[in-house]
Amino acid sequence: MIDLNFPKYNFRFKNSQNKIAVFDELRKKFIILTPEEWVRQHCVQFLIKEREFPKSLINVEKQLKLGKLIKRYDAVVYNSDGSIHLIVECKAPHIKITQNVFDQIAQYNMTLNADYLMVTNGLLHYYCKMDYEAGEYQFLPEIPAYKQA
């Protein structure tokens, strides 16, 4: 896998059915290593180690019902009260971050109502803070670190 624009992290790997798998410490199992999974694993470690979010508040790869559609979000970080602090949308490094990617996370956020959004392909990262009263969002240089309430 290629180097990403994240700090270097140590991962556990194994060969599974002639494919490389990476250990996901949140799901507590090995996951087949795809380019998108490589980005997701780095992003989760970034949130835990650099932004200091507790593992217990992070959820990955869960189903989300959008009207009649069933989608899967890449990662969500909860606030201690159960509301959603951050939605993360991960793409493989070769995928360009386009308006369609922002539309996808915005669609998820219509249901989840997160405080922050993060979109990354592992090379480029975009962070937004939502302002629901004004009906807009503001791009940020980084995602704020975890603060205990």
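In the predicted model, Glu89 stands opposite Val119 of strand β7. The two strands involved, β6 and β7, run parallel and are joined by five bridges. Between them the chain passes through helix α2, and the resulting β-α-β crossover from β6 to β7 is right-handed. On β6 there is also a pairing with β5, antiparallel and extending over four bridges. Within this pairing, Val77 has Leu86 of β6 as its bridge partner. Strands β5 and β6 form a hairpin with five residues between them, and Gly82 in the turn has a positive phi of about 95°. Seven of the seven residues of β6 are buried, so β6 is largely enclosed by the rest of the structure.

The N-terminal strands show a further antiparallel arrangement. Strand β1 (residues 13-16) is joined to strand β2 (residues 19-24) by four bridges, and the two run antiparallel. Phe13 has Val22 of β2 as its bridge partner. Two residues lie between β1 and β2 in their hairpin, where Gln17 in the turn has a positive phi of about 55°. Strand β2 pairs in turn with strand β3 (residues 29-32), again antiparallel and over four bridges. Here Phe23 is matched with Phe30 of β3 as its bridge partner. Four residues separate the strands in the hairpin of β2 and β3, and Lys28 takes a positive phi near 55°. The ring of Phe23 also lies under a charge: the charged end of Arg12 sits over this ring, 4.2 Å from its centre.

The largest nonpolar core has 27 residues, and those with the most contacts inside it are Leu47, Ile58, Leu86 and Val88. Two or more residues are given to this core by each of α1, β4 (58-66), β5 (69-78), β6 (84-90) and β7 (116-120). Helix α1 supplies the largest share, seven residues. For Ile58, the contacts beyond four places in sequence are Leu26, Leu47, Ile48, Phe53, Val76 and Val77. Apart from this core lies another, of 16 residues, which includes Leu64, Leu117, Val119 and Cys128.

Leu64 belongs to strand β4. With a relative accessible area of 7%, below the 20% limit, Leu64 is buried. When neighbours within four places in sequence are left aside, Leu64 is in contact with Leu69, Ile70, Lys71, Tyr73, Tyr108, Thr111 and Leu112. One of these contacts, Tyr108, is 44 residues from Leu64 in sequence, while the C-alpha to C-alpha distance between the two is 7.7 Å. Asn109, located in helix α2, is likewise buried, at 4% relative accessible area. Its contacts, not counting residues up to four places away in sequence, are Ile87, Ala114, Leu117, Met130 and Tyr132. Among the residues touched by Asn109, Leu117 is also listed in the core of 16 residues.

Aromatic pairs with ring centres within 6.5 Å number 11 in the model. The rings of Phe13 and Trp38 have centres 6.2 Å apart and planes at 35°, so this pair is tilted. Phe13 in strand β1 and Trp38 in helix α1 (residues 35-50) are 25 residues apart, and the pair thus links distant parts of the chain. The two partners differ in exposure: Phe13 is partly exposed, with a relative accessible area of 43%, whereas Trp38 counts as buried at 11%. Both residues belong to one aromatic cluster, which is formed by Tyr9, Phe11, Phe13 and Trp38.

A second pair is formed by Phe102 and Tyr126, with ring centres 5.6 Å apart and planes at 70°, so the geometry is edge-to-face. This pair also connects distant parts of the chain, with Phe102 in helix α2 (residues 99-112) and Tyr126 in strand β8 (residues 125-131), 24 residues apart. Phe102 is buried, with a relative accessible area of 17%, and Tyr126 is partly exposed, at 30%.

Terms used: Residues are numbered from 1 along each chain as its sequence is written. This is a predicted model: local features need pLDDT of at least 70, side-chain atom pairs count only at pLDDT 80 or more; totals for chains, interfaces and linings use all residues. Side-chain values use heavy atoms; hydrogens and water are left out. Rings of Phe, Tyr and Trp (its six-membered ring) pair if their centres lie within 6.5 Å; planes under 30 degrees apart count as stacked, over 60 as edge-to-face and the rest as tilted. Buried means under 20% relative accessible area, exposed over 50%, partly exposed in between (1.4 Å probe, protein chains only). A charge sits over a ring if NZ of Lys or CZ of Arg is within 6 Å of the ring centre and within 35 degrees of the ring normal. A nonpolar core is a set of buried Ala, Val, Leu, Ile, Met, Phe, Trp, Tyr and Cys residues joined through side-chain atoms within 4.5 Å. Contact means heavy atoms within 4.5 Å. Two strands pair if DSSP finds at least two bridges between them. A crossover is right-handed if, with the strands pointing away from the viewer, the path from the first strand over the helix to the second runs clockwise.
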